[in-house]
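Got the viewer open? Here is a short walk through one model, with a few selections to make along the way.

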Amino acid sequence: MGKHVIVGSGQVGKHLAAKLLARGHDVTVVTRSGSGPEGTVRVAADVADQRRLIQVTEGADALYNCVNPQYHRWLTDWPPMAASFLAAAEATGAVLVILGNLYPYGPVTGPMTEDLPLRPSSAKAAVRARMWEDALAAHRAGRVRTTEVRGSDYFGPGSTDQSYLGDRFQGPLRAGRSIALPYPADVPHSWTYLPDVAEALVVAGTDERAWGRPWHVPTSDPLSFREVGARMAALLGRPAPRITRIPWALVRAAGLFSPMLGELGHTRYQFTEPFVLDSSAFQRTFGVAPTPMEDALKATLDG
């Protein structure tokens, strides 16, 4: 058993800590406030403080980047934090496991695989692409050992209020009201289950076959918003919900007053055309399959 340092205790960090603890590892959780799950060593630190992060990571087998600054602050907050993670991994020898996303691929045609070129279509996506490129260059130079784990939109127990399948989707469904969306209801979309994200991170931090390349989290076949709504409703014993469309012009106008809504335009392409994640490489290499969708949706509703 070893020491594992998780930076961030949000929707992914909590699941990851629980899985590592269950395997008998010593787990340190780093957040700005010093909060974290029971059973972990909780440390308050500024992630951008390289000296402090190096100190916390000493003796660790793996360092997990599960932190996520507010979306509208990515351009300013990510670069110093990413530099700090690389410095800590290089100074301590801990494997750097980065929780990435699919933004750096940009708009694509067909299922996304890990060998796609990174063609970010926005400045924020470019920041995430640069983070991986810098980490991979350091790995190839022998300075660090690293990997990146990428999933699609998250859902599951403990998901944040930003989850597309969270309270904003489930609330109207449970109440028998129509669900209003800013995107088409019938476009296939991959959804990644939070416990599967955590499981993939555990594998990435403990299996050397994962190092030196990115991986996609085991993810079930894509479902449209309408299909997800119908399946959730069936699990609740309710009829399929009615889904309505919010005019995009209204979303854009609201974005003038809300930073989060203002950023939706950067990722709109992910919902107007099929957005399909291929995770077969991870499943084939490590023998890990995604949680069956019915089980994942039931746990999401129960959670």
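Start with helix H4, residues 123–140. Its 18 residues reach 25 Å from the first C-alpha to the last, close to the 26 Å expected at 1.5 Å a residue. Keep in mind as you click around that this is a predicted model.

Now show the side chains of H4 and pick out the buried ones: Lys124, Ala125, Val127, Arg128, Ala129, Met131, Trp132, Ala135, Leu136 and Ala138. Lys124 and Arg128 are both on that list. Then step just past the end of H4 to Gly142, where phi is positive, at about 80°.

Next, add helix H3, residues 74–92. How do H3 and H4 lie relative to each other? The angle between them is about 10° and their axes are 10 Å apart. Angles under 35 degrees count as roughly parallel, so H3 and H4 are roughly parallel to each other. To see what fills the contact, select Trp74, Leu75, Trp78, Ala82 and Leu86 on the H3 side. On the H4 side, take Ala123, Lys124, Val127, Arg128, Met131, Asp134, Ala135 and Ala138. Colour this set by residue class and you get 10 nonpolar, three charged and no polar residues.

Leave the helices and jump to His4, which sits in strand S1 (residues 3–7). Is His4 buried or exposed? Its relative accessible area is 2%, and buried means under 20%, so His4 is buried. Turn on the side chain of Tyr64 too: a polar contact of 2.9 Å joins it to the side chain of His4. For the rest of the surroundings, beyond the neighbours within four places in sequence, His4 also touches Leu20, His25, Asp26, Val27, Thr28, Asp61, Ala62 and Thr206.

Last stop: Ser224, in the loop between strand S10 (214–216) and helix H7 (225–235). Despite the loop address, Ser224 counts as buried, at 3% relative accessibility. Which residues does Ser224 touch, leaving out those up to four places away in sequence? They are Ala185, Asp186, Val187, Pro188 and His189. Draw a C-alpha to C-alpha distance from Ser224 to Asp186 and you should get 5.0 Å, for a pair 38 residues apart in sequence. Then look at Ala185, whose backbone oxygen lies 3.4 Å from a polar atom of the Ser224 side chain.

Methods:
Residues numbered from 1 in each chain as written. Predicted model: local features only at pLDDT ≥ 70, side-chain atom pairs only at ≥ 80, totals over all residues. Heavy atoms only, no water. Helix = DSSP H or I, 4+ residues; strand = E, 2+ residues; numbered from the N terminus. Expected span 1.5 Å × (residues − 1). Buried < 20%, exposed > 50% of the residue type's maximum accessible area, 1.4 Å probe, protein only. Axes fitted to C-alpha atoms, helices over the stretch in contact; angles between N-to-C directions. Parallel < 35°, antiparallel > 145°, perpendicular 65-115°, else oblique. Contact = heavy atoms within 4.5 Å. Nonpolar A, V, L, I, M, F, W, Y, C, P; charged D, E, K, R; others polar. Polar contact = N/O pair within 3.5 Å; in protein donor to acceptor, adjacent residues only side chain to side chain.
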